[in-house]
Amino acid sequence: MFKKILVYIVTYNLNKTSFVPQKTLRALLKLLSMNELFIIKILEINSLFDYIKSTIKILKERPNIIHVWAPNY
Amino acid sequence: MLFKYFIKSSIIVTIHNYATDELKYNIIYYSNIKKIFLYYYYRIVDALYYLIINRVSALHVLSIYVKNKVIKYYPKKEIYLIPYPLEREKCNATKMSLRIKYGIGLDDIIFINIANFKPNKGHFMLIDSFEKALYINKNYDNKLFLIGSGNSKLVLKILRLIKSKGLDNNIKIYYNVERIIVNELLCLGDCYIMASYEEGFHLPILEALNSYLFLILTPTGFGYDLKYYYSSYSFHKVVDSHNLHVSIANFKISDNDKFKQEIDSFLMNFSEIKICQQILGMYKKVLFLYK
């Protein structure tokens, strides 16, 4: 049994459907999550509270990769 | 502690575009004090970004246009070019039935622009070019649809400009409309125009191709990629902003099978599965390189 690779994708506002990059990214993340080698987890940061919560979560789980993908900054 | 932790995990950052590059065009309508504040605010954002990026394992960019900029700043960083994917959707209704639904003449040429209402998207320049094109080819039934959301004050200014030019019958604004309507408008259109001064990628280009629209673009974002790296394809024309009116005036509908086949083969590169594989490949490479 091999150990799965944990990837955290950090993004924001995925539910804002009017904005095209978010819509595309949401669909892509769904597809990425189906992979067998990786465990893809999504962290949506929409506020400072989310940010603190997410940092703690990342610190606890220690992912192999953190991918910061914010469609606009 | 946080720092130590981040050293252990590999970090990938997706760069959409540089804040100050877009800001150059977006601050022109603000008051002087706000302009200065915003300018320095975004300089700080870019500087912070620069510091963070120096620590990351790899960078992900969406277009060659942005990649070329990033290479200048970070020549030694690993950069992965993976564009946005496109979920191919077919039009639910025919072009003819949609035109009847929206009350548009069947022979009218419809130009479409999808962009947030921000100064860097070049709406004013586009309206000027469209007006010039109307007088060149004297086809006064041509229409331009501006679709988007964003700054309502800018929309009012655009509406005032349209009225002052007497183009009320030719230019329509669809502000904050639902996705279904956007898709329908793309399906009934003939040509997609991007008149932006600064872009990172501009996803509506792919959506327009999905509806088999011809593209007239300015050389920024994905427009730059098409001009310099996909120049053999005939479904696009990339022109500088001062020549935009000529391309609009010369546009002719080319709705043949070859045109559609070319678009289909091009869009194969942007299928969700292909892009997904590329992203997973990037993760594997990053893990292998930084083990």
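Two strands count as paired here if DSSP finds at least two bridges between them. With that in hand, a good place to start in this predicted model is a single pair of residues in chain B: B:Leu146 has B:Ile173, in S6(B), as its bridge partner. The pair belongs to a longer run, since strand S5 (residues 143-148) of chain B and S6(B) lie parallel and are joined by five bridges.

Stepping back, S5 and S6 turn out to be part of an open sheet of six strands in chain B, laid out in the order S6-S5-S4-S7-S8-S9 and paired in parallel. The edges are taken by strand S6 (171-175) and strand S9 (236-238) of chain B, each of which pairs on one side only. Going from one strand to the next, the twist averages 20°. Helices pack on this sheet too. One of them, helix H8 (residues 179-188) of chain B, touches strand S4 (110-114), S5 and S6 of chain B, and its direction makes about 145° with that of S4(B). Another, helix H10 (residues 222-229) of chain B, touches strand S7 (191-194), strand S8 (214-217) and S9 of chain B. The direction of H10(B) makes about 100° with that of S9(B).

As for chain B as a whole, the tally is 13 helices and nine strands. Its radius of gyration is 21 Å, close to the 19 Å that the globule rule gives for 291 residues, so chain B is as compact as a globular protein of that length. Along the principal axes, the C-alpha atoms of chain B fill a box of roughly 65 × 50 × 30 Å. Of the 291 residues in chain B, 36% are buried. Taking the contacts in chain B between residues at least 6 apart in sequence, 69% link residues at least 24 apart.

Chain A has a shorter parts list, with two helices and three strands. Read along the sequence, these elements follow the pattern β-α-β-α-β. Buried residues account for 27% of the 73 residues in chain A. For contacts in chain A between residues at least 6 apart in sequence, the share joining residues at least 24 apart is 74%. Confidence is worth a look here: chain A averages a pLDDT of 78, and 81% of the residues score at least 70. Among the elements of chain A, strand S3 (residues 65-68) has the highest mean pLDDT, at 88, while helix H1 (residues 20-33) has the lowest, at 75. Where pLDDT is low, the predicted coordinates should not be read in detail.

That leaves the meeting point of the two chains. Chain A puts 25 residues into the contact and chain B puts in 24 residues. On the side of chain A that touches chain B, strand S1 (5-11), H1 and S3 of chain A each supply at least two residues. H1(A) gives the most to that side, with seven residues. By residue type, the side of chain A that touches chain B divides into 17 nonpolar, seven polar and one charged.

Strand pairing also crosses from chain to chain. S3(A) pairs with strand S1 (residues 10-15) of chain B in the parallel sense, over four bridges. Within this pairing, A:Ile66 has B:Ile11, in S1(B), as its bridge partner. S3(A) thus appears twice in this account: it is the element of chain A with the highest mean pLDDT, and it pairs with S1(B).

Technical notes:
Residues numbered from 1 in each chain as written. Chains lettered and ligands numbered in written order. Predicted model: local features only at pLDDT ≥ 70, side-chain atom pairs only at ≥ 80, totals over all residues. pLDDT = per-residue confidence, 0-100. Axes fitted to C-alpha atoms, helices over the stretch in contact; angles between N-to-C directions. Contact = placed C-beta atoms within 7 Å. Nonpolar A, V, L, I, M, F, W, Y, C, P; charged D, E, K, R; others polar. Rg over C-alpha atoms; globule rule 2.2 N^0.38 Å. Buried ≥ 20, exposed ≤ 12 C-beta atoms within 10 Å, placed from the backbone.
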